[in-house]
Amino acid sequence: MEVDTDPPAGMLVHSAGPVEGGWGIIDFWESREAFDAFVKDRLVPRLQGLGDKGFPNPPDVKEFEVHNLQTA
């Protein structure tokens with residue numbers, strides 16, 4: 001997705017790593033609208049381009065409002 005070299009508009013924080021049974025991603029976005037635009041404009045087209053090598057199911061997105069974000 002090149003989020004390190006070409007971060008999408010509205011992405012504040014991105015982290016990713018292996019988890020049991022697959023891959024886990026935790027992102028912080030300025031808004032739900034910014035996330036939805038990333039999914040529509042970048043994520044879905046790239047996943048479709050993978051064909052049979054893509055994911056069998058859509059990602060399991062869990063959304064919550066962040067009240068505190070502490071960075072070092």
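This dialogue goes through the fold, two residues and the largest pocket of a predicted model.

User: Where do I start, and how many helices and strands does the protein chain have?

Analyst: Start with the order of the elements. The protein chain contains two strands and one helix, and their order along the sequence is β-β-α. The C-alpha trace covers about 40 × 30 × 25 Å along its principal axes.

User: What share of the residues of the protein chain counts as buried?

Analyst: Of its 72 residues, 15% are classed as buried. The exposed surface of the protein chain comes to about 6,200 Å², and 55% of that is supplied by carbon and sulfur atoms.

User: Among contacts between residues at least 6 apart in sequence, what percentage joins residues at least 24 apart?

Analyst: In the protein chain that figure is 36%.

User: How do I read the charges, and how far apart are the mean positions of the positive and negative ones?

Analyst: Compare the two mean positions. The protein chain carries 6 positive and 13 negative charges, and their mean positions lie 6 Å apart.

User: Now a single residue. Is R42 buried or exposed?

Analyst: Burial is read from the relative accessible area, and buried means under 20%. R42 has a value of 13%, so R42 is buried. R42 sits in helix α1, which runs over residues 32-49.

User: Which residues does R42 touch, leaving aside those up to four places away in sequence?

Analyst: R42 is in contact with M1, E2, V3, D6, P7, P8 and A37.

User: And L69, where is L69 found?

Analyst: L69 belongs to the segment after α1. Its relative accessible area is 45%, and partly exposed covers values between 20% and 50%, so L69 is partly exposed.

User: What does L69 touch, again without residues up to four places away in sequence?

Analyst: L69 touches V13 and F28. F28 is 41 residues from L69 along the chain, while the C-alpha atoms of the two are separated by 9.5 Å.

User: How is empty space found, and how much lies in the largest pocket?

Analyst: A probe the size of a water molecule, rolled over the atoms, shows where empty space is left. In this model the largest pocket holds about 1,300 Å³ of space. Its lining has 35 residues, and those closest to its centre are I25, D27, P59, D60 and V61.

User: Which element gives the largest share of the lining of the largest pocket?

Analyst: Strand β2 does, with eight residues. Strand β1 (11-19), strand β2 (22-29) and helix α1 each contribute at least two residues to that lining.

Conventions. Residues are numbered from 1 along each chain as its sequence is written. This is a predicted model: local features need pLDDT of at least 70, side-chain atom pairs count only at pLDDT 80 or more; totals for chains, interfaces and linings use all residues. Side-chain values use heavy atoms; hydrogens and water are left out. Helices (H or I, at least four residues) and strands (E, at least two) are DSSP runs, numbered from the N terminus. Buried means under 20% relative accessible area, exposed over 50%, partly exposed in between (1.4 Å probe, protein chains only). Contact means heavy atoms within 4.5 Å. Accessible areas come from the Shrake-Rupley method with a 1.4 Å probe; for residues, only the protein chains shown count as cover. Lys and Arg count as positive and Asp and Glu as negative; His and the chain ends are not counted. The place of a charge is taken as NZ of Lys, CZ of Arg, CG of Asp or CD of Glu. On a 1 Å grid over the protein atoms alone, a cavity is a set of points where a 1.4 Å probe fits but cannot get out, and a pocket is an open set with protein on both sides within 12 Å along at least five of seven lines; lining residues have an atom within 4 Å of a point. Grid points are joined across faces, edges and corners, and a volume is the space filled by probe spheres set on the points.
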